[in-house]
Amino acid sequence: MTNDDHHHNDRSGRRPVRVGLAGGSGFGRVHRANLARLAEQGSTRLVGVADPAGPPDDLEAGVGHFGSLTDLLAAEQPEVVIIATPIHTHAVLAEEAFRAGAHVYLEKPPVASMAEYDRLVAVAAETGLSCQIGFQALGSHALQRIADLVADGAIGEPRLITGLGVWSRDLAYFNRSPWSGRRRLDGHQVSDGVATNALAHSIAQALRIADVRALDQVKDVRTELYKANLDNESDDTTWIRVDSDGALPISVALTLCGPGNDQPPTVSVIGSEGRLDLQYTIDVLTVDRGGETERLEFDRDDLTENLLDHCADGAPLISPLTGHAPYMAVLEAIQAGDPLPLTDDVDVQGTGAQSHPVIKDIERWSRLAAESGEGFSAVGAPWADPVARSTWFPHR
Ligand SMILES: NC(=O)c1ccc[n+]([C@@H]2O[C@H](COP(=O)([O-])OP(=O)(O)OC[C@H]3O[C@@H](n4cnc5c(N)ncnc54)[C@H](O)[C@@H]3O)[C@@H](O)[C@H]2O)c1
């Protein structure tokens, strides 16, 4: 099967869609590379990049730079705006794009609070415009296979959905931008953290596998939050459990204090007779039917292309803003209490910008925390403390 066979629609014959980009450096570079690919197919034309820090040093020839999204919108009237800016600017920029009549591709996490989320959903509805959230791994074709395998009884009775992410991030990562490692900045909610930024996709994938798409499904969100990066406000080592009506429970353990040699994070479905493990950054699914394992590789749909197809002829959005209220419940739960600082069993390795804390045996404790369904302190991680746990309930 070629890549083109996966497209919902044939885009040939359409004129290029005028796209504006807010945030040209950082992750905006990934969007610019993707837009260059789409421009070659005649699907899009990048009409301007807005970035107050100045034009990216590798800005494509012929693409205008603007000091603000306001200026870009006024000068170029883009039909689609991609927002790849710091989390605390998402809500304001997305609303501005909607009010200027543009559809929006908004990077994850959608916004910095449930209040901002509710407001943005209302503005999208009022303006009748579409909003795709940049959880790009939701485009994976592995997700349908997981649903089919579970329905066919391949792993027996499904019991728990887990997520496991053990990455290492150094001081240079946290120092790259003023908002990094922060919960608040200059009076704005930022909500940066391991589960709301670097490994946020783990939560979004798990919620999608559980088919939890509406807030009224969520019964409660339990959290257990730590930080070994003592100068940060944000959690860097986190367990989350989501219990929902009519869905499998979700238990996820994530850390940025791993030993290095980062492996692709995994989201799994654990059943009575086997398990499914999806390495979601590389779309590799391992099927374990109770001993016999099989490794399957998948393609994925590109979320920008999906947004274009949605706007042109109504293809369903893969990652609509409106489906991410449960993700926002997790973000809100994490913000409800401060992470517990960790010093015991933490070894700071490297020096200067490369220095990074490593929590002893963190891979093992994270796996146990996730797969027990009960978190770090419940499985006896020596540095864990039940005071780091809390439970969040949605307001109904
Ligand atoms: N989908 C993914 O896998 C993925 C990966 C990395 C980052 N992200 C997301 O992308 C976003 C940006 O992250 P980053 O790490 O690149 O951040 P960053 O701070 O490194 O870079 C953001 C860019 O936005 C610019 N900017 C700041 N305020 C702006 C404004 N008001 N208008 C226009 N531009 C503005 C900055 O000057 C900078 O060039 C975040 O939401 C992040 O979570 C997503």
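Student: Before I trust any coordinates, what is the mean pLDDT of the protein chain?

Tutor: Keep in mind that this is a predicted model. Of the chain's residues, 97% reach a pLDDT of 70 or more. The mean pLDDT of the protein chain is 96.

Student: And over which residues is the pLDDT below 50?

Tutor: Where pLDDT is low, the predicted coordinates should not be read in detail. The stretch in question does have ten contacts in the model beyond near neighbours in sequence. Its pLDDT is below 50, and it covers residues 1-9.

Student: How far apart do the C-alpha centres of domain 1 and domain 2 lie?

Tutor: The chain is divided into domain 1 (3-136) and domain 2, which is made of 142-299 + 322-392. Between their C-alpha centres the separation is 28 Å.

Student: Which helix gives the most to the side of domain 1 that touches domain 2?

Tutor: The contact takes 15 residues from domain 1 and 20 residues from domain 2. On the domain 1 side, ten residues are nonpolar, four polar and one charged. With three residues, the one giving the most to that side is helix 4 (residues 114-127).

Student: Now the ligand: where does it lie relative to the two domains?

Tutor: There are 24 residues around the ligand, and G23, G26, F27, A53 and S177 come nearest. Sorted by type, the shell has nine nonpolar, eleven polar and four charged residues. Domain 1 (3-136) and domain 2 (142-299 + 322-392) both give residues to that shell, so the ligand lies between them.

Student: Which helix gives the most to the largest nonpolar core?

Tutor: That core has 112 residues, and those with the most contacts inside it are I83, A94, V104, I203 and V330. Eight of its residues come from the helix you're after, which is helix 9 (residues 325-335).

Student: Where does this core lie relative to the domains?

Tutor: Look at who gives residues to the core: both domain 1 (3-136) and domain 2 (142-299 + 322-392) do. That shared membership is why the core, like the ligand, is placed between the two domains.

Student: Let's zoom in on V330. Which residues does V330 touch?

Tutor: V330 is among the residues with the most contacts inside the core. Leaving out residues up to four places away in sequence, V330 touches A195, I203, V221, I240 and V242.

Student: Which residues of helix 8 are buried?

Tutor: Helix 8 spans residues 303-313. What covers its buried residues includes strand 1 (17-22), helix 1 (28-40), strand 4 (80-83), strand 5 (103-106) and strand 6 (131-133). Just after the helix, G314 takes a positive phi of about 80 degrees. The buried ones are L303, T304, E305, N306, L307, L308 and D309.

Student: Is A370 buried or exposed?

Tutor: A370 lies in helix 10 (residues 362-372). Besides V252, it touches T162, G163, L164, S251 and A253, not counting residues up to four places away in sequence. A370 has 32 C-beta neighbours inside 10 Å, so it counts as buried.

Student: How far apart in space are A370 and V252, C-alpha to C-alpha?

Tutor: In sequence, A370 and V252 are 118 residues apart. They are also on the list of touching residues. In space, C-alpha to C-alpha, the separation is 5.0 Å.

Student: And A36, buried or exposed?

Tutor: A36 is found in helix 1. A36 and S191 are 155 residues apart in sequence and 31 Å apart in space, C-alpha to C-alpha. With 12 C-beta neighbours inside 10 Å, A36 counts as exposed.

How values were computed. Residues numbered from 1 in each chain as written. Predicted model: local features only at pLDDT ≥ 70, side-chain atom pairs only at ≥ 80, totals over all residues. Near = placed C-beta within 6 Å. Nonpolar A, V, L, I, M, F, W, Y, C, P; charged D, E, K, R; others polar. Domains from an automatic or database assignment. Core = buried A, V, L, I, M, F, W, Y, C linked by C-beta atoms within 7 Å. Buried ≥ 20, exposed ≤ 12 C-beta atoms within 10 Å, placed from the backbone. Helix = DSSP H or I, 4+ residues; strand = E, 2+ residues; numbered from the N terminus. Contact = placed C-beta atoms within 7 Å. pLDDT = per-residue confidence, 0-100.
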